[in-house]
Every structure is written in structure tokens, then in C-alpha cells.
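Welcome, and thanks for taking a look. Please open the model beside this briefing and follow along as we go.

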Amino acid sequence: MTNPVLSVKDLSVTFGRRAIIRNLSFEVYEGDCVAIIGPNGAGKTVLLRALLHLIPYTGEILWSRNARLGYVPQKIAADRQLPFSARDLLAAKAGHLKLPSAELEQVSTELGLTNELLSASIGTLSGGQFQKLLIAFALLGQPNVLLFDEPTASLDELTEERIYEQLHSLQKDKSMTILLVSHDLSVVYRYANMVLCLSKGKPCMGPPKEILTPAMLQDLYAAPSQYYQHIHEHERLNHDSQDRRKC
Amino acid sequence: MLREQGPLLVLALFFALAAGMVGCIALMKRMLLAGDVISHLALPGLGLAFLFTVNPVMGGGATLFLGTFLVWQLQKKTGLATEAAIGVIFAAALAIGAAVTPREDLVESLFGELPKISPVGFLLGMVAVLFVIFSVFLLKDQLSLTIFSPDLAAATGVNVSRLDLDFLLLFSLTVLVGMRFMGALLASALIIVPAATARQLTNKLSHFVLLAEATSLLSVTAGFLLSVFVFKFSTAGPTIAILSSMLFGLSLLRKTR
């Protein structure tokens, strides 16, 4: 097996005296789509923030040398009243990373951000458009690892579906590695090839068919969980022989 | 008269440009209150400088930058305790400044004066404001990212905490230059009010900065000339601040937000 893109050893994060993550170890390989699941308060967002070195932690987080990270946060505390257009925001990142302006145009086109949307004030964007902007922001700089924290939270089903399809095709076309926090187990089953579950007990990691069993979910959420196991026909045929590069 | 005050007017105009830029960022970072507090931190230093007949800019500068560091440390924490601490620093700085400043110098330190500026003072002032303008221009992308989301900025490789300190220092340097003719109480007015005025008038970032610069320049030019030639005041600070506030009042009539 190739070297991991991400190697985490004995990671612990505490807020005050409260341990949010305790001695967590796992590895992620190139092209993996790892879904991070767990009940509220299990530390999913905290884990992503630690992986990005946004909060203090103990233990080891080792990204491979060629890892370029893109991040789409769950909620953004951005002031929608700011006098920023979508283009101002993307241009600021492109300027900071010294990217050619053609890349900004390319990413915008890929995500269907029209000139009209790019010129619009961020305060006037709908939830779905704003989320697309955040995804475009994450994709600037040609990242090969994307960290998504519930990228479709608070969006309607149709927009959610479109965004996941877009992520899926981006991942497939550019063989990106994805770490995805999601509460939606059908999304997890559909797109992830590995699942990392965080809970008060021992964290676990494995392919969805091993992790997303009724018994494991009962243990994880401490309540019977129901989910829609969404498998396309062509996926169903290959399901048993899936390797790590499922999504 | 204009020949005497010419260099000060030139410095004031460049200060207006720097103040307009810094004010826009401070407004978007929602740190106008912290910025206002910072400007008042110069007061104890000014008072001590008058007391011991040291150059007031040096005295004011010393406590200003010390206070800036203090506010930066407090900003790293969040919540009511921080706001309360900043409020306490504000009150304490004003009280200490008023207590130690000799009575005859109190008005000058609070509201500034129109001194004859020495060539060295002019040169240092110009270097300082040009440094502020150049630095803000260089840091504009990082500042924009941090204003939008500190987390996204950090994930993009911006050292947010360091950038916060850099910006606070630029804010303080701007206040320090403006303090001579605007006074410690009013120096921050020219940072805060033009930005607030411009924000009422536009939702576009580039227009916002340009309008803040224009409002700032208009306030300083008109305020300075009125103070010197019409009212024959010994200070221009109050006139500039009043004009600036009047422009803000007018902007409310054409509010676009």
C-alpha cells in the first residue's frame, strides 16, 4: 500500500478539562473518501479543525508533503453584511496564494458560478449559492485533499443532491482525497469508501458495509438508527469487490 | 499662514488617506470599539510627557503601543470578560491621563493643536503614514480573508493572530500621527467616521474604500482650512471631527444598505 496522505497518531483534544477526542489514531490514503460520523458532541468538527491545526491538540497529525488542503466549514460565522462580492472573496485567496486569475475563472466555471453570481454581494446569495462559493473557495489552489464539514447542512434536498454529485465528480475526475463529516448515513453509504466513527466509546474505522451495521449504529448513537441504504444498480454489482477507491 | 501650516496640512491629508483605509478594515473587523480604546491609551503617556517635558509623541507612542499589545492579548480571548476588560482599560487610561496631565496641557492633549511642525517631525510623520498605506495594501488579501472568516484564512495559510497584531500596530501608528493635530480623543474619529459614512453608501468593497478615502480627505481639508483661516482656532481636530460627523449624517439620507 502507498504512503498515507494523512497519518494521525494518539490525537487528543481537550477543552478545559473536557476531553473531546481521546487517543485517536487512523490513516487516510490517496483517493479515499472517508466519512466521519458520530452523535452530536462526538468531536467530528473538532477533529477537522485539529487536522487543519486551527485548535490546539496533543499527539501527531502528519500530512504528506504534497498534500494541498481545501476546507469547507460546517457553519461560517461570516458577516453577510460585509461589502464583499463572491469575486472579492475568491480574488483574495487567489491573491494570497499568488494564483493566476485564469484559475479563479476555471474554478468558477466548474461550479457554475456565473459572472452575475460572482459580482453579487455575499449577503444576497442563497444558501446553496453561498455553499457553492465556499466549495469554489476550497477548490482554488488545486487542493488534492478536501475537508468537508457537513457541506449541505441547512440546504434543501435538491441542492444537497446537486452538491454531492458535484463533489463526487470532482473527486472522481481529479482523484482527490476527501474527508467528509455527515449526519446523513445514506450519503455516507453512497459516497464514502471508509467510515470513521467517533463516539464516547472506542472509535472505529472501516468500509461502510462493516461499520454501518444496525448493531454498530445502535452502539454509536445509543438508539436505533434508520437510514436509507442508497446503492445504484451498477454499484450494487460491484459492491462486494469494492476497493478503497470507491468514491 | 498657509506657508507655516502647509507641511502640517500635507501630513494631515496623507493621514486622512491612511485613516480611511485603516478605518474600512477596522469597521469590517468590528473592532472600532477596541480601536477607540487604543487611541485613548496614548493619554497617560501624553500626560507623563508633558509632566516631565519629554516629546509628547514619544510619551503617547510608548503607552499607545504598550496598550495595543494589551488589547491584542485580550482579543485572543472572547466573551464578556474581554469586553469588560477593554472597557476598564478605556476608563483607566482616560482617568490616569487626566490625572497626570498638567491642567494647562490637558485640552491640547485631548483635542490636539496646530503646531509648527519641524522638518524631522514632518519627515517621520510622512514615513509613518506611507508605511501604513503601503502595509495595508500589501496585507489586503490576508486581511480580507481574515475579515470573512478567521478559520478559512488560517486554513489558507494566514497567521491570523500575527495579522491581528500587525493591524493593531498599523492602527496605533495611524493614531499616533493624527494625535498631534487631532488630539488623543479625536484621532480615532477620522478612522471611524469616514468608514462608517462610506459603508452607508455602498455595498461594493472597492467603492467602500474609495468613498471612505474621499470623505476623510474632504473632512480634513475643509476642517483644516476652516480652523486656520475662518475660525482661527488653535486646533483643527474638533472642526474635522464635526465635519466628518455631518457627512455621516448626510449619508444616512442616501443609505443604500
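The notes below go through the chain, its sheets, its core, its domains and its contacts by topic.

This is a predicted model. Chain A has 10 helices and 9 strands, and 38% of its 247 residues count as buried. Two sheets of chain A are described here, one with 6 strands and one with 3 strands.

**Chain A overall**

- Taking contacts in chain A between residues at least 6 apart in sequence, 71% join residues at least 24 apart.
- Chain A is divided into domain 1 (1–67 + 144–171 + 179–247) and domain 2 (79–143).

**The 6-strand sheet**

- This open sheet follows the order S5-S6-S7-S3-S8-S9 in chain A, and its pairing is mixed.
- The edges are held by strand S5 (69–72) and strand S9 (204–206) of chain A; each has a single partner strand, so one side of each lacks a neighbour in the sheet.
- On average, and with direction ignored, neighbouring strands of this sheet are turned by 15 degrees against each other.
- Helix H5(A) packs on the sheet, where it touches S5 and S6 of chain A, and its direction makes about 165 degrees with that of S5(A).
- Within the sheet, strand S3 (residues 33–37) and strand S8 (residues 194–197) of chain A are paired in the parallel sense over 4 bridges.
- To find this pairing on screen, look for Ile37(A), whose bridge partner in S8(A) is Cys197(A).

**The 3-strand sheet**

- Here the open sheet runs in the order S2-S1-S4 in chain A, with antiparallel pairing.
- S2 and S4 of chain A stand at the edges with a single partner strand each, so one side of each has no neighbour in the sheet.
- Neighbouring strands are turned by 20 degrees against each other on average, direction ignored.
- Strand S1 (residues 6–15) and strand S2 (residues 18–28) of chain A run antiparallel and are joined by 7 bridges; Val13(A) stands opposite Ile21(A) in S2(A).
- S1(A) and S2(A) form a hairpin with 2 residues between them, and Gly16(A) in the turn has a positive phi of about 65 degrees.
- S1(A) also pairs with S4(A) in the antiparallel sense, over 5 bridges, and Lys9(A) stands opposite Glu60(A) in S4(A).

**Two loop residues with positive phi**

- As background, most residues other than glycine have a negative phi.
- His53(A) is not a glycine, yet its phi is positive, at about 60 degrees.
- His53(A) sits in the loop between helix H1 (44–51) and strand S4 (58–63) of chain A, and is partly exposed, with 13 other C-beta atoms within 10 Å.
- Gln142(A), again not a glycine, has a positive phi of about 50 degrees.
- The loop that holds Gln142(A) lies between helix H5 (127–139) and strand S6 (145–149) of chain A.
- Is Gln142(A) buried, exposed or partly exposed? Gln142(A) counts as partly exposed because it has 14 C-beta neighbours inside 10 Å.

**The largest nonpolar core**

- Which members of the 144-residue core touch the most other members? They are Val34(A), Ile36(A), Leu180(A), Val195(A), Val22(B) and Leu190(B).
- Helix H1 (residues 2–28) of chain B gives the most to this core, with 14 residues.
- From chain A, both domain 1 and domain 2 contribute at least three residues each.
- Leaving out residues up to four places away in sequence, Leu180(A) touches Cys33(A), Val34(A), Ala35(A), Ile36(A), Phe148(A) and Ala192(A).

**Between the domains of chain A**

- Domain 1 (1–67 + 144–171 + 179–247) and domain 2 (79–143) make up the division of chain A, and their contact takes 10 residues from domain 1 and 7 residues from domain 2.
- On the domain 1 side, S6 and helix H6 (157–174) of chain A are the elements that give two or more residues.
- H6(A) gives the most to that side, with 3 residues.
- By class, the domain 1 side has 5 nonpolar, 5 polar and no charged residues.

**Between chains A and B**

- The contact takes 20 residues from chain B and 19 residues from chain A.
- On the chain B side, helix H7 (119–148), helix H8 (150–155) and helix H11 (205–230) each supply at least two residues.
- H7(B) gives the most to this side, with 6 residues.
- The chain B side is made up of 10 nonpolar, 6 polar and 4 charged residues.

Definitions and conventions. Residues numbered from 1 in each chain as written. Chains lettered and ligands numbered in written order. Predicted model: local features only at pLDDT ≥ 70, side-chain atom pairs only at ≥ 80, totals over all residues. Buried ≥ 20, exposed ≤ 12 C-beta atoms within 10 Å, placed from the backbone. Core = buried A, V, L, I, M, F, W, Y, C linked by C-beta atoms within 7 Å. Domains from an automatic or database assignment. Contact = placed C-beta atoms within 7 Å. Pairing = 2+ DSSP bridges. Axes fitted to C-alpha atoms, helices over the stretch in contact; angles between N-to-C directions. Nonpolar A, V, L, I, M, F, W, Y, C, P; charged D, E, K, R; others polar.
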